[in-house]
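Reader: I should like to learn how the features of a protein model are read, one after another. May we go through them with the structure in view?

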Amino acid sequence: PKPYMNKQLLTLATTVILSLNSFAQLGSYQYTGYTCAGTGNVVSQPSNAIFSAFTRNTVDCNSISNVFSSGNWSTGTSYDGNYYIQFTITANAGYYLTLTSLSFDQSRSGTGPSNARVAHNASGNFITDYNNFSPAATNNTINWNFTDVNTLVNGAVTFRIYGWNMTNSSGKFQFDNVTLNGTVTVAPPAPTAIASSNVTFCSGN
């Protein structure tokens, strides 16, 4: 009976550990009904972390319903770090993030960007961890399984999507279902120092 019971306890413990460490969807930006007047927020915030609004830098909003559409991307033929859209996830105080993958639906108009890049700044910049891709003329899903990111307690990571090589300033680059996967974990308690006055030293032969 004892070996059998120990085996049951081991199986249960393994199941619990796996469930605690499984990675799930943290948040998704979905744009049904979205227009330029919208704020571009996630559908729902995760427990113990918060997503920012989805914002633009340099690029402009195109008023197209049900997608996050932008124009005025770079017309240069090489990567330009000034044209992007972005969001940030931040762990609450006492928690840290483990991030594993990002996916999104994307498409471009005929004169939209021919080149694009998705990147994050977990390493302290946006030029170390990135994935280049070619925007599609029809709706297409990009899946980026990057090296797992573990943040500091109350840490934050920003994701950016860049576009360049656009042939006309009226070209469009649009997104939907921008989904980040990972976990939010409570930080272990800090070790407690033992005061030397409370320590008793024993001597013996």
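Reader: How many bridges join E8 to strand E9 (residues 129-133), and in which sense, parallel or antiparallel, do they run?

Author: The model is a predicted one. E8 and strand E9 run antiparallel and are joined by five bridges. One of the partnerships is that of His120, whose bridge partner in E9 is Asp129. E8 also pairs with E12, again in the antiparallel sense, over six bridges. There, Val118 has Ile161 of E12 as its bridge partner.

Reader: Is E8 mostly covered or mostly open?

Author: E8 is mostly covered, as five of its six residues are buried. In the protein as a whole, 37% of the 205 residues count as buried.

Reader: What does the secondary structure of the protein come to?

Author: There are one helix and 13 strands. Read along the sequence, the pattern is α-β-β-β-β-β-β-β-β-β-β-β-β-β, with the helix ahead of the strands. As for contacts with a separation of 6 or more, 78% are between residues 24 or more positions apart. The accessible surface comes to about 11500 Å², and carbon and sulfur atoms hold 51% of that area.

Reader: How should a nonpolar core be read, and which residues have the most contacts inside the largest one?

Author: The general idea is that nonpolar side chains tend to be buried together in soluble globular proteins. In this model the largest nonpolar core has 34 residues, and those with the most contacts inside it are Phe87, Leu99, Leu102, Phe104, Phe159 and Leu180. Among the elements that give two or more residues to this core are E1, E2, E6, strand E7 (95-108) and strand E13 (173-186). A second, separate core has five residues, including Tyr84, Ala119, Phe126 and Trp164.

Reader: Which residues is Phe87 in contact with, leaving aside its neighbours within four places in sequence?

Author: The partners of Phe87 include Tyr29, Phe51, Phe54, Leu102, Phe159, Val178 and Leu180. Several aromatic residues come together elsewhere in the description: Tyr29, Tyr31, Tyr34, Phe51, Phe54, Phe68, Phe87, Trp144, Phe146 and Phe159 form one aromatic cluster.

Reader: How many aromatic pairs does a search of the whole structure find?

Author: The search finds 21 aromatic pairs. Take Tyr31 and Phe68: their ring centres are 5.3 Å apart and their planes stand at 45 degrees, so this pair is tilted. The pair links distant parts of the chain, with Tyr31 in the loop between E1 and E2 and Phe68 in strand E5, 37 residues apart. Tyr31 is buried, at a relative accessible area of 1%, and Phe68 is buried as well, at 0%.

Reader: How is a disulfide to be read, and how many does a search of the whole structure find?

Author: In general, a disulfide is a covalent bond between the sulfur atoms of two cysteines. The search finds one here. It is formed by Cys36 and Cys61, whose sulfur atoms are 1.9 Å apart. The angle about the S-S bond is -95 degrees, and the link of Cys36 and Cys61 is left-handed. Cys36 lies in the loop between strand E1 (24-29) and strand E2 (49-51), while Cys61 is in strand E4 (residues 60-61), so the pair ties together parts that are 25 residues apart in sequence.

Reader: Are Cys36 and Cys61 buried or partly exposed?

Author: Cys36 is partly exposed, with a relative accessible area of 34%. Cys61 is partly exposed too, at 27%.

Reader: What sign has phi in Asn165, negative or positive?

Author: As a general matter, most residues other than glycine have a negative phi. Asn165, which is not a glycine, has a positive phi of about 65 degrees. It is found in the loop between E12 and E13 and counts as partly exposed at 23% relative accessibility. Asn66 also has a positive phi, near 75 degrees. Asn66 sits in the loop between E4 and E5 and is partly exposed at 38%.

Reader: Where does Ser74 lie, and which residues does Ser74 touch?

Author: Ser74 is in the loop between strand E5 (68-71) and strand E6 (84-91). Not counting residues up to four places away in sequence, Ser74 touches Asp80, Tyr83, Gly163, Trp164, Asn165 and Met166. At 4% relative accessibility, Ser74 counts as buried.

Definitions and conventions. Residues are numbered from 1 along each chain as its sequence is written. This is a predicted model: local features need pLDDT of at least 70, side-chain atom pairs count only at pLDDT 80 or more; totals for chains, interfaces and linings use all residues. Side-chain values use heavy atoms; hydrogens and water are left out. A disulfide is a pair of cysteine sulfur atoms within 2.5 Å. Helices (H or I, at least four residues) and strands (E, at least two) are DSSP runs, numbered from the N terminus. Buried means under 20% relative accessible area, exposed over 50%, partly exposed in between (1.4 Å probe, protein chains only). Contact means heavy atoms within 4.5 Å. Accessible areas come from the Shrake-Rupley method with a 1.4 Å probe; for residues, only the protein chains shown count as cover. A nonpolar core is a set of buried Ala, Val, Leu, Ile, Met, Phe, Trp, Tyr and Cys residues joined through side-chain atoms within 4.5 Å. Two strands pair if DSSP finds at least two bridges between them. Rings of Phe, Tyr and Trp (its six-membered ring) pair if their centres lie within 6.5 Å; planes under 30 degrees apart count as stacked, over 60 as edge-to-face and the rest as tilted.
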